[in-house]
Amino acid sequence: YMHSFQGGAILLSFGILFVLYILFVWWRDVLRESTLEGNHTQIVKLGLRYGSILFIVSEVMFLFAFFWASSHSSLAPTVEIGGIWPPKGMGVLDPRGIPFMNTLILLSSGAAVTWAHHAILAGKDKVIALVVTVLLALVFTGFQGMEYSQAPFTISDSIYGSTFFLATGFHGFHVIIGTLFLIICGIRQYFGHLTKDHHVGFEAAAWYWHFVDVVWLFLFS
C-alpha cells in the first residue's frame, strides 16, 4: 500500500481486519475464562500482572528512543539546523496554550481512574468514575488533533518536526488504545464483572493509563 502496489490497499485492509479478529477472539476467551469459568487462580492473576508490567516496560523502551533522539538533537544541534534548538527559522507551539491544558486534562483523568480503582477495592459500583476518565481522554485527543492542525511545522521539517510528531503521535496512539481499554473495563463493571477480589483487567488498564500520564509529563517538559 505504501509503495502503491496493485491490490495493496485490499491486502492491508484484510490484514488489519484479520489482526483485529484475532485480538477480539483472544480477549473474548480471556474474559470467558476469568468471569464465567473461574479459571483465573491467584497464580494465573500473578502471571497476568507480570505480563502487563513487562508490556509497559517494553513500551517505555520504545518511546525512550524518541526522547533520546530529541534530547541528542537539542543538546548538540548540528550545523544543518543552524546550530541552535529549535532550528533556525522554525516556528514553535506555545506550551502555555493547548499543551498545558492537555496536561491538566490528562492528570485529571489519572485521578479519575484512581477514584474508580479505589471504588472497586471498596466494593462500590462507580461506573461514573470510568465515564469521567473516558470523557477526559476523548477531550485530550480532540485537543491534540487541534494542536496538530495549528502547528506551524510538519513532520518533514527537520529533526524538530520529526521527533515532535513521532513522539506525540505515538503517545496519542497509546491514549486511544488506553481509552478503548477503559471503555471495555467500564462495560464489564456495568455488568458486574469487576469485584474487589477479581479485577486484574482493570488493574492493567489503570497501570497503562498512569504510564500514558507519565509519558505526557516528559513530553510536556
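Here are some questions and answers about this predicted model.

User: What should I keep in mind about the numbering and the model?
Analyst: Numbering starts from 1 along each chain as its sequence is written. This is a predicted model, where local features need pLDDT of at least 70, side-chain atom pairs count only at pLDDT 80 or more, and totals for chains, interfaces and linings use all residues, while side-chain values use heavy atoms, with hydrogens and water left out.

User: In what order do the elements run from the N terminus?
Analyst: The chain has six helices and zero strands. Both are DSSP runs numbered from the N terminus, with helices being H or I of at least four residues and strands being E of at least two. From the N terminus on, the order is α-α-α-α-α-α.

User: What share of the contacts with a separation of 6 or more comes from residues 24 or more positions apart?
Analyst: A contact here is heavy atoms within 4.5 Å. Among contacts in the chain with a separation of 6 or more, the share from residues 24 or more positions apart is 75%.

User: Is glutamate 59 buried or exposed?
Analyst: Glutamate 59 sits in helix H2, residues 42-75. Buried means under 20% relative accessible area, exposed over 50%, and partly exposed in between, using a 1.4 Å probe and protein chains only. Glutamate 59 comes in at 14% relative accessibility, so the label is buried.

User: Which residues does glutamate 59 touch, leaving out those up to four places away in sequence?
Analyst: There's a long-range pairing to start from: valine 212 is 153 residues along the chain from glutamate 59, yet their C-alpha atoms are separated by 10.0 Å. Not counting residues up to four places away in sequence, glutamate 59 touches His174, Tyr208 and Phe211.

User: How far apart in space are glycine 51 and alanine 204?
Analyst: Glycine 51 is in helix H2 too, and it is partly exposed because its relative accessible area is 36%. In sequence, glycine 51 and alanine 204 are 153 residues apart, but C-alpha to C-alpha the gap is 9.3 Å.

User: Which residues does glutamate 203 touch beyond four places in sequence?
Analyst: Glutamate 203 belongs to helix H6, residues 200-220. It counts as buried because its relative accessibility is 11%. Setting aside residues up to four places away, glutamate 203 touches Arg49 and His117.

User: How far from glutamate 147 is the nearest side chain of opposite charge?
Analyst: Glutamate 147 is in helix H4, residues 127-150, and beyond four places in sequence it is in contact with Leu93, Ile98, Pro99 and Phe164. Lys and Arg count as positive and Asp and Glu as negative, with His and the chain ends not counted, and a salt bridge needs a side-chain nitrogen of Lys or Arg within 4 Å of a carboxyl oxygen of Asp or Glu. Glutamate 147 is buried but has no salt bridge, and the nearest opposite charge, arginine 96, is away by 12 Å.

User: Which three residues supply 78% of the area that domain 1 buries against domain 2?
Analyst: Domain 1 covers 1-39 and domain 2 covers 42-220, with bounds from an automatic or database domain assignment. Together they bury about 350 Å², 63% of it on carbon and sulfur atoms; buried area is the accessible area (1.4 Å probe) that two parts lose on being put together, summed over both. On the domain 1 side, 78% of that area, more than from any other three residues, comes from Leu31, Ser34 and Thr35.

User: How many salt bridges are there between domain 1 and domain 2?
Analyst: The domain centres, taken over C-alpha atoms, are 23 Å apart. Four residues of domain 1 are in contact with four residues of domain 2. The salt-bridge count between the two domains is zero.
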